[in-house]
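Here is a short round of questions and answers on one protein model. Each answer sets a value against its cut-off and then concludes.

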Amino acid sequence: MALNPVVERVTARIVERSAVTRADYLRRMDAAGSSRPGRAKLSCANWAHAFAGAPVKDKLNAMSGAQPNVGIVTAYNDMLSAHQPFERFPEIVRQAVREVNATAQVAGGTPAMCDGVTQGRPGMELSLFSRDVIAMSTGVALTHDAFDAGLMLGVCDKIVPGLFMGALAFGHLPVVFAPAGPMPSGIPNAEKARIRALYAQDKVDRATLLESEIGSYHSPGTCTFYGTANSNQMMMELGGLHLPSTAFVHPETGLRDALTAAAAKRAVELAREGRGRMADVISEKSIVNMIVALLATGGSTNHAIHLVAMARSAGVLIDWTDMDELSSVTPLLARVYPNGSADVNAFQAAGGVAFVARELAKAGHIHSDVQTVMGDGIEAYFQEPAMIDGELVWKDGVEESLDLSILRPASDPFDREGGLRLVQGDLGRAVIKISAVKPENRIVEAPAAVFETQEDALQAFRDGKLDRDVVVVLRFQGPKANGMPELHSLSPALSVLQDKGFKVAFVTDGRMSGASGKTPAAIHVSPEALAGGLLARVQDGDIIRLDPEAGVLTTVGVDLNARAPARRSDAHATGSAWGYGRELFGAFRHVVSTAEEGASVCFTETPGGSAQIDTPPDNNVNDRAVDA
């Protein structure tokens with residue numbers, strides 16, 4: 001089918017907008033790729049250091065300078081269940097490439113924060129910034145310049161975007177991403193949410209809550225709701241960086257190990273063939289495909305930030321208007337928690353990524369003429385893997401959904417529009433995820449209750465002060481203020497208020513978890529309060545209207561420009577500064593870009609090399625707090 005005209009128009013606009021930055025990026029990658037293969041450039045001393053710890057056979061193989069060496073960048077740790085399986089992966093990779101007369105080395109490791117551990121804790125203030133640290137760590141690993149291809153081991157929230165950004169700095173190399181897969185299903189997500197709501201109302205004790213949480217998060221693998229981690233996997237598939245349909249295969253299975261080995265061998269093949277470099281796989285068209293895949297499945301709002309930074313790493317410039325226009329014509333094909341009751345394992349069983357890819361391509365919602373690690377065209381991603389007689393084989397995915405309550409065809413979607421909307425008005429620009437919000441709850445006009453911290457908002461909830469129609473405003477949560485933490489700890493309380501029959505909305509310059517859903521939330525408000533945003537001028541009782549159907553976020557009957565901005569309190573600014581690493585990121589808070597620009601510190605230079613450093617206006621900054 002012909003490409004949807006809106007997809008075609010938005011893509012053309014992105015190409016035009018990105019002409020200078022994309023050309024500069026490709027020029028740099030062409031220059032980097034014009035010299036000899038990585039390890040062939042090493043001096044004898046360089047070479048000896050690079051392979052000193054390698055087995056003799058690998059040393060002899062590498063000594064020839066003719067066989068590919070794959071650089072593994074791993075985000076393994078034991079804290080993050082989704083990444084715990086990566087402990088075994090490097091040896092699987094090394095053995096696999098030896099079978100095809102190549103070598104592989106762990107080039108380096110990156111941090112991998114678990115937002116489930118830091119949710120509601122001071123450590124969450126480092127979460128978003130960790131993405132750029134991961135990008136930098138990937139750069140440190142690959143800058144040894146001893147590699148002919150890269151293999152990225154990552155799954156979760158900031159890790160895949162960071163690996164993606166860092167690897168694109170080495171886009172002259174072919175790069176394959178290898179996931180670990182989800183944990184088996186635990187207790188139903190709806191039951192987990194029910195227990196959390198009861199706990200928020202003091203109707204069950206902590207032991208009951210803990211039992212529920214352990215029943216949900218219980219083994220190695222990704223959490224099974226469709227949050228940021230699993231949205232990452234969808235995007236890597238439709239972006240052409242995974243082997244097809246590898247996202248949702250369980251860890252510690254024969255199929256998962258075979259897929260990891262196959263990913264390593266594919267990296268070697270691409271290096272030998274001199275094609276499939278990441279700079280060509282990731283283009284304006286593939287970025288649009290990733291956005292559409294996110295929208296069609298009701299994916300995480302965090303990618304309204306991450307995708308901007310990820311695209312910028314390839315010289316591609318996108319914004320929230322692009323996402324909003326694409327969402328207006330993207331059919332919602334999936335209902336996975338928090339957008340439905342099913343988890344990602346049920347999604348995979350119903351048809352999974354292969355079904356989504358085929359439906360979007362067949363209906364003209366994505367570009368089929370893209371390059372992937374599998375070759376030219378998106379069609380390889382209509383397949384899925386299987387183990388037959390101990391061998392990895394590829395077969396066509398299902399052409400019809402096996403469960404229409406979870407997956408639907410583009411001709412009969414859950415909704416004719418995608419899950420993300422842009423809202424804007426006198427408070428700035430923000431995004432809202434509506435795929436999990438019932439239509440009757442989407443439009444809210446109510447008095448504001450203004451807070452600076454989650455703790456203050458939760459205490460007001462416990463005291464009954466929010467038992468009314470209300471727009472909860474939580475400000476000074478943007479990237480310059482405190483690193484833009486996720487504010488998911490508020491979700492149970494907001495849900496309780498909504499279930500009581502009140503009209504409830506949430507407005508913030510911070511983020512919400514990819515697991516958040518049923519309450520309308522205008523998030524990532526930009527510009528943020530600390531950087532001159534009018535959210536700093538909102539007062540208790542101001543009427544705020546949130547209408548995602550009309551794309552509106554505004555105050556009613558208030559002249560915000562006539563007021564002076566509120567100043568962030570010293571207690572908020574410094575209360576969590578010490579003992580959690582926050583003081584190490586003062587420079588990040590000074591130079592970080594806005595949310596719509598990707599909330600990144602990695603792009604402070606233009607193609608011409610001039611600095612682009614944004615600083616908050618003097619009248620709205622507590623200097624001691626920002627420097628902390």
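Q: Where is Tyr226 placed?
A: This model is predicted. In it, Tyr226 sits in the loop between helix H10 (206-216) and helix H11 (228-238).

Q: Why is Tyr226 called buried or exposed?
A: Its relative accessible area is 2%. Buried means under 20%. Tyr226 is therefore buried.

Q: What makes the link between Tyr226 and Thr297 a polar contact?
A: Their side chains are joined at 2.6 Å. The cut-off for such a pair of N or O atoms is within 3.5 Å. The pair of Tyr226 and Thr297 counts as a polar contact.

Q: What separation is found between the C-alpha atoms of Tyr226 and Leu80?
A: They are separated by 17 Å. Along the chain, the two residues are 146 residues apart.

Q: How do you know that the span of helix H1 agrees with the expected one?
A: H1 covers residues 5-17, which is 13 residues. The expected span is 1.5 Å times one less than the number of residues. For H1 that gives 18 Å. The end C-alpha atoms are 18 Å apart, so the two agree.

Q: Which residues of H1 are buried, and why are they placed on the same side?
A: The buried ones are Val6, Val7, Val10, Thr11 and Ile14. They cover an arc of only 130° around the axis, so they lie on the same side of H1. Pro5 and Glu16, on the other side, are exposed.

Q: What covers the buried residues of H1?
A: The cover includes helix H14 (284-296) and helix H16 (320-327).

Q: What is found at the start of H1?
A: A side-chain oxygen of Asn4 comes to within 2.8 Å of the backbone nitrogen of Val6.

Q: What makes H14 mostly covered?
A: Of its 13 residues, 12 are buried. Among them are Glu284, Ser286, Asn289 and Ala296.

Q: How do you know that the reach of H14 is close to the expected value?
A: From its first C-alpha to its last, H14 reaches 18 Å. At 1.5 Å a residue, 18 Å is expected for its 13 residues. Just after H14, Gly298 has a positive phi of about 65°.

Q: Why are H14 and H15 called roughly parallel or roughly antiparallel to each other?
A: H14 and helix H15 (residues 303-312) pack at an angle of about 170°. Angles over 145 degrees count as roughly antiparallel. The two helices are therefore roughly antiparallel. Their axes are 11 Å apart.

Q: Which residues meet where H14 packs with H15?
A: H14 brings Ile287, Met290, Ile291 and Leu294. H15 brings His303, Leu307, Met310 and Ala311.

Q: What makes the phi of Met484 worth a look?
A: Most residues other than glycine have a negative phi. Met484 has a positive phi, near 60°, and is not a glycine. Met484 lies in the loop between helix H20 (479-482) and helix H21 (491-499). Its relative accessibility is 0%, so Met484 counts as buried.

Q: What is the phi of His524, and where is this residue found?
A: His524 has a positive phi of about 60°, although it is not a glycine. His524 belongs to strand E14. At a relative accessible area of 0%, His524 is buried.

Q: Which peptide bond to Pro527 is cis?
A: The bond from Ser526 to Pro527 is cis, with omega near 5°. Most peptide bonds are trans. Pro527 lies in the loop between strand E14 (521-526) and strand E15 (543-547).

Q: Which peptide bond to Pro338 is cis?
A: The bond from Tyr337 to Pro338 is cis, with omega near 15°. Pro338 is in the loop between H16 and helix H17 (344-350).

Q: Why does Ala149 count as buried or exposed?
A: Its relative accessibility is 1%, so Ala149 counts as buried. Ala149 is found in strand E3 (residues 149-153). Beyond its neighbours within four places in sequence, its contacts include Asn69, Leu173 and Ala267.

Q: Why does Gln498 count as buried or exposed?
A: Gln498 has 10% relative accessibility, so this residue counts as buried. Gln498 lies in helix H21.

Conventions
Residues are numbered from 1 along each chain as its sequence is written. This is a predicted model: local features need pLDDT of at least 70, side-chain atom pairs count only at pLDDT 80 or more; totals for chains, interfaces and linings use all residues. Side-chain values use heavy atoms; hydrogens and water are left out. Helices (H or I, at least four residues) and strands (E, at least two) are DSSP runs, numbered from the N terminus. Buried means under 20% relative accessible area, exposed over 50%, partly exposed in between (1.4 Å probe, protein chains only). The arc is that of the directions from the helix axis to the C-beta atoms. Contact means heavy atoms within 4.5 Å. A polar contact is a pair of N or O atoms within 3.5 Å; within protein, one must be able to donate a hydrogen and the other to accept it, and residues adjacent in sequence count only if both atoms are side-chain atoms. Axes are lines fitted to C-alpha atoms, for helices over the stretch in contact, and angles run from 0 to 180 degrees between N-to-C directions. Angles under 35 degrees count as roughly parallel, over 145 as roughly antiparallel, 65 to 115 as roughly perpendicular and the rest as oblique.
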